[in-house]
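Welcome, and please open the structure in your viewer. This tour suggests what to select next and tells you what is there.

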Amino acid sequence: TVTATPFGDALIGKSSVDREQILIKYVTDKCSAREEIELEEGWRILQEYGIDVVTATLQETDRIDKKPFANRGYSSLYTVGFNMCSCANTPDRSEDLYQRVN
């Protein structure tokens, strides 16, 4: 089974609770299936659900939803990054991620 990736319209108009639920489902499905998170797929998750959300929160002063994600959303983002960098039998993508952030 291949886990569907939650990209594109999945974020448009979503609250932090909605984004978190989508992210938790993705991470849970990936971990349950023991699927590798490829570089491009993982980077898009981290970018769209993490970096872009935090950036928008900081830039939009009139934003109602001031908290970009709760603990479970943060934990899911952490899990994506962790699994991309330190799981046995998968490539360590630490350097690739570091280069993209910088």
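## Stop one: helix H1

Select residues 16-33, which form helix H1. These 18 residues should span 26 Å at 1.5 Å a residue, and the end C-alpha atoms are indeed 26 Å apart, so the expected and modelled spans agree. Please keep in mind that this is a predicted model.

Now colour the buried residues of H1: Ser16, Arg19, Glu20, Leu23, Ile24, Tyr26, Val27 and Lys30. Looking down the axis of H1, you will find these buried residues within an arc of 165°, so they line one face of the helix. An α-helix has 3.6 residues a turn, so residues three or four places apart point the same way. Turn to the other side of H1, where Gln21, Lys25 and Ser32 are exposed.

What do the buried residues of H1 pack against? Show helix H2 (39-59) and helix H3 (71-86), and you have both partners.

## Stop two: the whole chain

Zoom out for a moment. The chain has 4 helices and 0 strands, and its elements run α-α-α-α from the N terminus on. Of its 102 residues, 37% are buried. Among contacts with a separation of 6 or more, 67% join residues 24 or more positions apart.

## Stop three: Val80

Next, select Val80, which sits in helix H3. Is Val80 buried or exposed? Its relative accessibility is 1%, so Val80 counts as buried.

Show the neighbours of Val80 as sticks. Leaving out residues up to four places away in sequence, Val80 touches Tyr26, Val27, Ile37, Gly42, Ile45 and Leu46. Two of these names are familiar from the first stop, since Tyr26 and Val27 are among the buried residues of H1. For a distance to try in the viewer, pick the C-alpha atoms of Val80 and Ile45: they are 8.0 Å apart in space, while the two residues are 35 apart in sequence.

## Stop four: Arg34

Move to Arg34, just after H1, in the loop between H1 and H2. Most residues other than glycine have a negative phi. Arg34, however, has a positive phi near 55° and is not a glycine. With a relative accessible area of 76%, Arg34 is exposed.

## Stop five: the largest pocket

Stay with Arg34 and bring up the surface. The largest pocket holds about 240 Å³ of space. It is lined by 13 residues, and those closest to its centre are Arg34, Glu35, Asn83, Cys87 and Thr90. H1 and H3 are the elements that each give two or more residues to this lining. By class, the pocket lining has 6 nonpolar, 2 polar and 5 charged residues.

## Stop six: the largest cavity

Rolling a probe the size of a water molecule over the atoms shows where empty space is left. How many cavities of 30 Å³ or more does this count give? The count comes to 1 cavity, and the largest cavity has about 40 Å³ of space.

To find the largest cavity, select its lining: Arg19, Glu20, Leu23, Tyr49, Pro68, Phe69 and Gly73. H1 gives the most to this lining, with 3 residues. The cavity lining divides into 4 nonpolar, 1 polar and 2 charged residues. Arg19, Glu20 and Leu23 also belong to the buried residues of H1, which brings the tour back to its starting helix.

Notes: Residues numbered from 1 in each chain as written. Predicted model: local features only at pLDDT ≥ 70, side-chain atom pairs only at ≥ 80, totals over all residues. Heavy atoms only, no water. Expected span 1.5 Å × (residues − 1). Buried < 20%, exposed > 50% of the residue type's maximum accessible area, 1.4 Å probe, protein only. Arc of directions from axis to C-beta. Contact = heavy atoms within 4.5 Å. 1 Å grid on protein atoms, 1.4 Å probe; cavity = no way out; pocket = protein on both sides within 12 Å on 5 of 7 lines; lining within 4 Å. Points joined across faces, edges and corners; volume = space filled by probe spheres on them. Nonpolar A, V, L, I, M, F, W, Y, C, P; charged D, E, K, R; others polar.
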